[in-house]
Amino acid sequence: MSAELDLDAYLGRIGLKARPAADLAGLRALHFAHASTIPFENLDIQMGLPIRLDLDSLQAKLVQLRRGGYCFEHGTLFLAVLKAVGFDVIPCEARVRMGATVVPPRTHMLVLTRLEGITWLCDVGFGGEGLLHPVTMDGEAHVQFLNTYRVVEEGGLRVLQSFHHGAWEDLYAFVPEVRFPIDFEVGNHYTSTHPESRFIKTLTAQLPGPGVRRILRNRAYAELRGDQAEGRELAPEEVVSTLREAFGIEVPEGARFRALEG
């Protein structure tokens, strides 16, 4: 028996009082509330726990326990929400670029939504560099508060880019066609267990907002405001309190993170 989405509980988690309509205003409201409320984080991987993508597990973790997750968790939950509200959606896989010098694996999940003949890229699970609102794939620049994005064509691919320091930078590339749950299970297994995965090597928490984007990588904490960045190295005893206070993560008592213990 498949799990059912508790839409009311989800809406309460992201701070929306009413069910949005299946239109652009509703899509923008859902996207912004999710992306700016539920943090991107990999605490379970760092604590040696499995990442489960079934809907019951995702609701228990991201909604009831007020935790965050990484792209496969955010994307799978958001896909279920959009379907429940009535949107026409498909999930896609992406290769994260961000300065990569070799072809990276497909380890990112995003969602495409069709509204009145226009395709919108929705992505609530790309962390501190990610979108706050959905964006059209028209090749034009779209300003979202202090950040600017565009989606350009590259052969059969689409590439999400952000604008920093006077130049466009690739975030990730994807084929705009449907992928299936097993595809994300494979990517999730690699990302959460492979010894060379960045999520095995690095503790991270990230939360974008309209005025500031907060990023923690191991003990390096930074606040980004457009192209301006302020940061510092946290003392070991500050990590848990920062996860709780800056990111709103309900960190389990006694949590120990492999990347901080060598």
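Reader: Over how many bridges do strand β2 and β3 pair?
Author: In this predicted model, strand β2 covers residues 88–96 and runs antiparallel to β3. Within the pair, Asp-88 lies opposite Arg-114 of β3. The number of bridges between β2 and β3 is eight.

Reader: Which residue in β4 is the bridge partner of Leu-112?
Author: Strand β4 spans residues 118–122 and is joined to β3 by five bridges, in the antiparallel sense. Leu-112 falls within β3, which takes in residues 106–115. Its bridge partner in β4 is Leu-121.

Reader: Which residue in the turn of the β3 and β4 hairpin has a positive phi?
Author: The hairpin leaves two residues between β3 and β4. One residue in that turn has a phi of about 50°, and this is Glu-116.

Reader: Why is strand β3 largely enclosed by the rest of the structure?
Author: A residue counts as buried when its relative accessible area is under 20%. Strand β3 has ten residues, and it is largely enclosed because the number of them that are buried is eight.

Reader: Which strands stand at the edges of the open sheet of five strands?
Author: The strand order in this sheet is β1-β10-β11-β12-β13, with antiparallel pairing. An edge strand here has a single partner, so one of its sides is left without a neighbour in the sheet. The two strands in that position are β1 (40–41) and β13 (228–233).

Reader: Which residue in β10 stands opposite Phe-40?
Author: β1 pairs with strand β10, residues 204–207, in the antiparallel sense over two bridges. Phe-40 belongs to β1, which covers 40–41. The residue opposite Phe-40 in β10 is Gln-206.

Terms used. Residues are numbered from 1 along each chain as its sequence is written. This is a predicted model: local features need pLDDT of at least 70, side-chain atom pairs count only at pLDDT 80 or more; totals for chains, interfaces and linings use all residues. Side-chain values use heavy atoms; hydrogens and water are left out. Two strands pair if DSSP finds at least two bridges between them. Helices (H or I, at least four residues) and strands (E, at least two) are DSSP runs, numbered from the N terminus. Buried means under 20% relative accessible area, exposed over 50%, partly exposed in between (1.4 Å probe, protein chains only).
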